[in-house]
Every structure is written in structure tokens, then in C-alpha cells.
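Reader: Please take a close look at the interior of this model and describe how its buried parts are put together. I should also like to know what lies at the surface.

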Amino acid sequence: MQQRKHILPTIVVAQFCCTSLWFASNGVIGELVANFQLGNSALGNLTSAVQFGFISGTLIFALLTITDRFSPSKVFFVSALLGALFNFSMLWPHNSLTSLLIFRYFTGFFLAGIYPVGMKIAADYFDKGLGKSLGFLVGALVVGTAFPHLLKGWGEAVAWESVIKTTSGLAVFGGLSLFLFVPNGPFRKPSQKVDLKAFFKVFRQTDFRAAAFGYFGHMWELYTFWAFVPILLATYTDLHQAKVPIAIWSFVIIALGGPACVLGGYISQKMGVRNTAGTALFLSGCCCLLVPLAFLLPYPSLFLLFLCFWGMVVIADSPLFSTLVAQNAEPQLKGTALTIVNCIGFAITIVSIQFIVYLQTLTASNGLYLLLAIGPLFGLISLFNKR
């Protein structure tokens, strides 16, 4: 029992340290453009490269059932080292857009051995109270996601090379910490062989499908909202001639999702995981529908309060869906199931983001954000419709 006390804090710290690699290029995109003569589309291309790398990695990890066949702590450690290496490669003085895209792709690829594997490790240790445990883990990811906006808000106070070195160093530290202090959990049931049918096998169970499809609906909204938070703020400031520090408030709005994940985990212990996830998904769906009205609010403080609330409920259900996925998967395929669901979920985020970007070329109406509500609606139907 004494050993268990340090397990969750170690996993959370390791998860935060390693997922800081995810948006490292976003935090220094201006310097990358200036130093390597990149075009205006560099931000979108480099971000998409990480996402595609993550999707590719989760697909391969799932097909080969790597997380269930090998020690998750070792998989996490090796992935952290390789992810840090490719992240550090952005400092190569002869980089071009092509080389940077390659480095970011492989950084994303090895993040597939970090984010879902961290959840798998938690599931191996915490059979009961898993929702609370994953709340801390996803909360760490959320704060890491928001961190580049904070760096941007600081302006030139931090050299871009230092940002890359720091995130790479954090990843090595996180991977090593988990490897040294978090052995295989008591609830781990390893798989002995490659199961190429596992990708389809996990979806045979009704409760698993309900949890997975609920997560997919949640992902349709989540990353698009995160990506467009600065644009939402800029649009409002233009409409009302308001003065809002966009970078700092982008950090605050997204980072508030971290404590929201933790709070949701505690609430789920009383309300139940499914009901708590459904409530958060319903509230975030309502926010999607209220966006056009929010732009009419005459006071910036009210608009910021609305976005802060949205930033909390949009992510609070994420660890709860992962909990439902882990609880309803076959024990020997738990890691593979989490990886598969992550793979499909992140693929959906790319479709959603590109869909909204395309619509922006057709209309300047803020009503287009109403389409984000498609995700929560689909998720709620999937979550509570047993058929």
C-alpha cells in the first residue's frame, strides 16, 4: 500500500513532462519561420504533422498490441527518449520545412507510446476510482497543451532554443521517472502474441462501443475548440473594439480544463462515470449552440467567463470516456483498446478542424461554430442508447 501512494503522482508528472513535446513547435513557431525561412502555412503543417504521426503511431501500436505484449513502463520510457530526440532535432541549423515536418511527425508517432500508455498504466494500478486517476492524467495533458500560449504571452523573455531543450529534457526526465518508480501494475494481464484482429475485436461489446462512440463525439468538438480559441477571442475583440490579451487568455481558457478533469473525476465517484461524462458532454454541446449569442455580449468579462466555462466542460468528460473504454475492454486488450480509441478520436479531430477551416472560406458568420454541436449530440446518443 505504501508503494501505491507515489504511483499516481509519478504518472501525472511523467505524463505532463512528456506531453509537453506535443505543441513545442507551436510555442516557437515565429522563431522557426524566421530562422528556417518557412511559409505562412508552417503552423498548420507542423501541427498536422504531429497529429498524423500520433494517429500513425497509435494505429501501429494497436495492430501489433505492443502495449499489452510488453511492459507499459518500458514502452513509455523508450517512446519518451525517442520523442525527445526528434523534438531536439528542431535545433539542427540546416533544417528545412521538409526536415521539420519529418521530425514533428516522428515526435507525434512516439507520443502514441506516451499518452495512451500512461492511461493504460493507470488502469493497471487503479481498478476502482479509475475515473479520478485518469482525471489527473488528462488534466496534466491539458495544461501541457495550453503551455505554448503562455510562452507566447511572455513574448521574447524565453529563447526559442531554450523552449526546445527544456521540453526535450522534461520528456527524458518524465520517461526515466516512470521507468524507475512505476513497475507493472497489479491488474495488468499481458497478452502473449500479436493479435491483428484486436482492432475489430474490441468493438464487439455493446458497452465498449457506447463509450468509444461517446468519446468520438467529444473529440469532434474538443480540438477544434482548442484550435479556435485565439480566433474566437480575436473575433470578439474586433467586433467590440475590446482590449483582451489573446495569448494569455487562450492559455487560461484551455488550462482551466486541467482542474476540471480532476473535479470531474471526483464527481464521478458520486454520480457515476457514465452520468458525469454525459453531463459534461451535454453542457459543452450547449456552449456550441450558444456561441452566436455569446458574441453579442456587450462586456468582455462575460464573454471570457463563457469561454472559461466552455474550456472546462469541453474536456472534463475525456478521462471519464477513457475510464469507460478501459472498464469495458477485455483485460488482456485494455492497452490496445485505449490506443485504438485514441487513434480514431484524433483522426476525427483533423476532419473537424479542416471542416471548420473550409467553412471559413465560404462564410464569415459565427454561426458556423454551431456545427461543433454535432459531436456532443452524436456522443450523447451513443452513450445512452443501448442499441
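Author: The account below begins with the whole chain, turns to the interior, and ends at the surface.

This is a predicted model, in which local features need pLDDT of at least 70 and side-chain atom pairs count only at pLDDT 80 or more, whereas totals for chains, interfaces and linings use all residues. Residues are numbered from 1 along each chain as its sequence is written, and side-chain values use heavy atoms, with hydrogens and water left out.

The protein chain contains 19 helices and 0 strands; helices (H or I, at least four residues) and strands (E, at least two) are DSSP runs numbered from the N terminus. Of its 387 residues, 57% are buried. Here buried means under 20% relative accessible area, exposed means over 50%, and partly exposed lies in between, with a 1.4 Å probe and protein chains only. Contact is defined as heavy atoms within 4.5 Å. Among contacts in the protein chain between residues at least 6 apart in sequence, 86% join residues at least 24 apart.

The interior is best approached through its nonpolar cores. Such a core is a set of buried Ala, Val, Leu, Ile, Met, Phe, Trp, Tyr and Cys residues joined through side-chain atoms within 4.5 Å. The largest one has 106 residues, and those with the most contacts inside it are Trp 22, Tyr 223, Phe 225, Trp 226, Leu 307, Trp 310 and Phe 346. Helix 12 gives the most to this core, namely 16 residues. A second, separate core of 14 residues includes Val 28, Leu 38, Trp 160 and Ile 164. In soluble globular proteins, nonpolar side chains tend to be buried together.

Tyr 223 shows what surrounds one of these core residues. Leaving aside neighbours within four places in sequence, Tyr 223 is in contact with Phe 23, Gln 51, Leu 141, Phe 346, Thr 349 and Ile 353. Thr 235 is found in helix 12, and, with neighbours within four places again set aside, Thr 235 is in contact with Phe 295 and Asn 366. Thr 235 and Asn 366 are 131 residues apart along the chain, yet their C-alpha atoms are separated by 8.9 Å.

Thr 107, in helix 7 (residues 97-111), counts as buried because its relative accessibility is 0%. Not counting residues up to four places away in sequence, Thr 107 touches Leu 21, Gly 83, Phe 86 and Asn 87.

Two helices may be examined for how far they are covered. Helix 1 (residues 7-19) has 13 residues and spans 18 Å from its first C-alpha to its last, close to the 18 Å expected at 1.5 Å a residue; the expected span is 1.5 Å times one less than the number of residues. In helix 1, 10 of the 13 residues are buried, among them Ile 7, Leu 8, Ile 11, Val 12, Cys 17 and Cys 18. Helix 17 (residues 318-327) is largely enclosed by the rest of the structure, because 9 of its 10 residues are buried. Those buried residues include Pro 319, Leu 320, Phe 321, Leu 324 and Val 325.

A charged pair is also buried. The structure holds 1 salt bridge, a term for a side-chain nitrogen of Lys or Arg within 4 Å of a carboxyl oxygen of Asp or Glu. The salt bridge joins the side chains of Asp 124 and Lys 120 at 3.1 Å, N to O, and both residues are buried. Because they are 4 residues apart in helix 8 (residues 115-125), Asp 124 and Lys 120 are separated by about one helical turn. An α-helix has 3.6 residues a turn, so residues three or four places apart point the same way.

At the surface, the accessible area of the protein chain comes to about 16,100 Å², of which 69% belongs to carbon and sulfur atoms. Accessible areas come from the Shrake-Rupley method with a 1.4 Å probe, and for residues only the protein chains shown count as cover. Leu 176, Phe 179, Leu 180 and Phe 181 make a nonpolar surface patch of about 380 Å². Patches are made of residues with over 30% relative accessible area and no salt bridge, where like charges are joined within 9 Å and nonpolar side chains (Val, Leu, Ile, Met, Phe, Trp, Tyr) within 5 Å. Phe 181 lies in helix 10 (residues 160-181) and is partly exposed, at a relative accessible area of 48%.

Gln 37, in the loop between helix 3 (29-36) and helix 4 (42-63), is exposed at 66% relative accessible area and has a positive phi of about 50 degrees although it is not a glycine.
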